[in-house]
Amino acid sequence: MLIIKKGRIVDPASGLDMTGDIAVNQGKIEKIAENIPVSRDDTVMDASGLVVAPGLIDTHVHFRDPGFTYKEDIFTGAKAAAAGGFTTVVCMANTKPVADNEKTISYITEKASKTAIHVLTAAAITKEFDGKNLTDFKKLLECGAVGFTDDGIPIKDESTVEAAMKMAAELDVPVSLHEEDPDMIDRPGVNKGIVSERLNYGGAPAASEYTMVERDCELAYKTRAKVVIQHISAAQSVEAVRRYWKKGAKVHGEVTPQHFSLTEEIVLEKGSLARVNPPIRTEADRQALIKGLQDGALDIISTDHAPHSREEKQRDIKDAPSGMIGLETALALGITNLVKKGYLTLPELLEKMTINPARLYELPAGYLAEGGPADMVLFDEDEKWTVEDKFFSKSNNSPFIGMELTGRVKYTICGGRIVYPQ
């Protein structure tokens with residue numbers, strides 16, 4: 001039996017916040033108490049000074065497998081996730097071939113079953129991401145998909161989105177949407193504003209996002225589907241989600257650490273490392289995202305972990321691909337920029353990274369309870385560290401390299417096994 005001793009046990013699902021012990025046996029939590037006696041055969045982990053929380057859940061990652069495994073693969077992605085405190089992740093469907101068929105979904109789920117954490121996958125909404133023809137939702141769910149998304153490509157056709165939502169509502173599964181109208185974008189990855197003008201870049205205006213968000217929130221309200229508005233970046237998008245959420249739509253606002261941590265000026269410092277879709281925007285937008293996290297309009301924090309090779313990201317910003325890795329810095333960015341600055345309490349931050357995504361996908365995860373899964377992260381919420389150009393991910397495309405953060409993962413436990421450090 002594994003006995004975790006003297007940690008600060010924080011479980012947002014139940015409201016538990018206590019100093020005590022957790023006994024783990026055969027992959028499950030056997031007991032939570034102030035003091036659990038230790039026998040000779042037990043393995044003891046001293047958690048003094050550490051927070052013990054449910055394993056983090058990221059419902060938006062790109063593991064690039066199959067098709068782009070020079071950037072990342074399912075095994076390296078899982079190692080990066082474990083290093084960041086994540087015990088469950090959901091992969092996006094923009095693989096090659098696209099995850100729109102039973103063979104590709106089966107490949108991903110079979111390979112994922114061999115990792116040390118829970119790696120799940122979404123399937124594509126439309127065939128080959130064509131934005132028109134729906135995939136066979138029922139068959140793809142039967143082979144292991146847990147939701148549907150064309151992430152990376154917006155679905156412009158309203159009737160297609162509505163049909164997808166109706167099918168998702170019937171099957172009671174989430175649909176996740178990338179909201180950027182390409183007809184309004186001069187060049188993606190950088191906010192259309194003072195920085196794009198200075199770089200003569202073109203840029204993507206906030207309106208390209210919030211006009212689609214408004215449309216799809218209305219469709220979510222109409223169809224009663226569970227809809228995730230992915231990686232929200234604009235203040236007007238937050239307001240649209242808030243308005244429809246308050247009306248009773250099953251709409252979930254997702255925000256990434258890069259969008260609540262940075263502003264568009266980071267592009268001037270980090271260049272293509274800070275190019276991401278949708279782009280990092282203004283301080284007013286950042287504050288609106290934080291407000292959305294505070295009042296519940298934004299209820300999920302995901303990384304949009306998007307690896308690219310060093311060579312790709314060393315290109316001129318106009319030619320480099322958009323995206324950045326995020327699994328290994330996400331918790332620290334939340335602690336540094338939300339908790340330590342007084343915007344959220346630690347349980348409020350963890351709620352958006354554990355039980356909220358678990359409930360959305362109806363996963364048996366995201367909580368600490370006797371009889372529940374022994375999926376946990378142990379971290380020092382006060383330890384300061386500098387992000388180095390050294391990751392468990394195959395890629396290193398992070399604009400946070402060189403920055404000092406607070407909060408460091410010490411152990412990740414999945415199914416009762418220590419999966420980080422390995």
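With a relative accessibility of 12%, N396 counts as buried, since the cut-off for that label is under 20%. The model is a predicted one, and this residue makes a handy way in. N396 sits in the loop between β14 and β15. Its side chain makes a polar contact with the side chain of D389, at 2.8 Å. Setting aside neighbours within four places in sequence, N396 touches R310, I325, D389, F391 and I401.

The two strands on either side of that loop turn up again around a pocket. The second largest pocket has a volume of about 370 Å³, and 19 residues line it. Nearest its centre lie E328, W385, K390, R408 and Y420. Which elements give two or more residues to this lining? They are α12 (330–339), β14 (376–386) and β15 (404–414). By type, the lining of the second largest pocket splits into 11 nonpolar, 4 polar and 4 charged residues.

Helix α12 deserves a look of its own. Of its 10 residues, 10 are buried, so the helix is largely enclosed by the rest of the structure. The buried set runs through A330, L331, A332, L333, G334, I335, T336, N337, L338 and V339. Polar residues such as T336 and N337 are thus part of the buried set.

One of these helix residues, L331, also stands out in the largest nonpolar core. That core has 78 residues, and those with the most contacts inside it are I117, V119, L331, L349 and F379. Helix α1 (residues 74–83) gives the most to this core, with 6 residues. V119 gives a feel for the packing there: apart from neighbours within four places in sequence, V119 is in contact with F63, I74, A78, V89, C91 and A112. There is also a second, separate core of 19 residues, with A274, I317, M324 and I325 among them. I325 is the residue already met as a contact of N396. As a general point, nonpolar side chains in soluble globular proteins tend to be buried together.

That leaves the largest pocket, with a volume of about 550 Å³. Its lining is made up of 26 residues, and the closest to the centre are N94, D151, G152, I153 and N277. How does the lining of the largest pocket divide into nonpolar, polar and charged residues, and what are the counts? The split is 10 nonpolar, 11 polar and 5 charged.

Methods: Residues are numbered from 1 along each chain as its sequence is written. This is a predicted model: local features need pLDDT of at least 70, side-chain atom pairs count only at pLDDT 80 or more; totals for chains, interfaces and linings use all residues. Side-chain values use heavy atoms; hydrogens and water are left out. On a 1 Å grid over the protein atoms alone, a cavity is a set of points where a 1.4 Å probe fits but cannot get out, and a pocket is an open set with protein on both sides within 12 Å along at least five of seven lines; lining residues have an atom within 4 Å of a point. Grid points are joined across faces, edges and corners, and a volume is the space filled by probe spheres set on the points. Helices (H or I, at least four residues) and strands (E, at least two) are DSSP runs, numbered from the N terminus. A nonpolar core is a set of buried Ala, Val, Leu, Ile, Met, Phe, Trp, Tyr and Cys residues joined through side-chain atoms within 4.5 Å. Buried means under 20% relative accessible area, exposed over 50%, partly exposed in between (1.4 Å probe, protein chains only). Contact means heavy atoms within 4.5 Å. A polar contact is a pair of N or O atoms within 3.5 Å; within protein, one must be able to donate a hydrogen and the other to accept it, and residues adjacent in sequence count only if both atoms are side-chain atoms.
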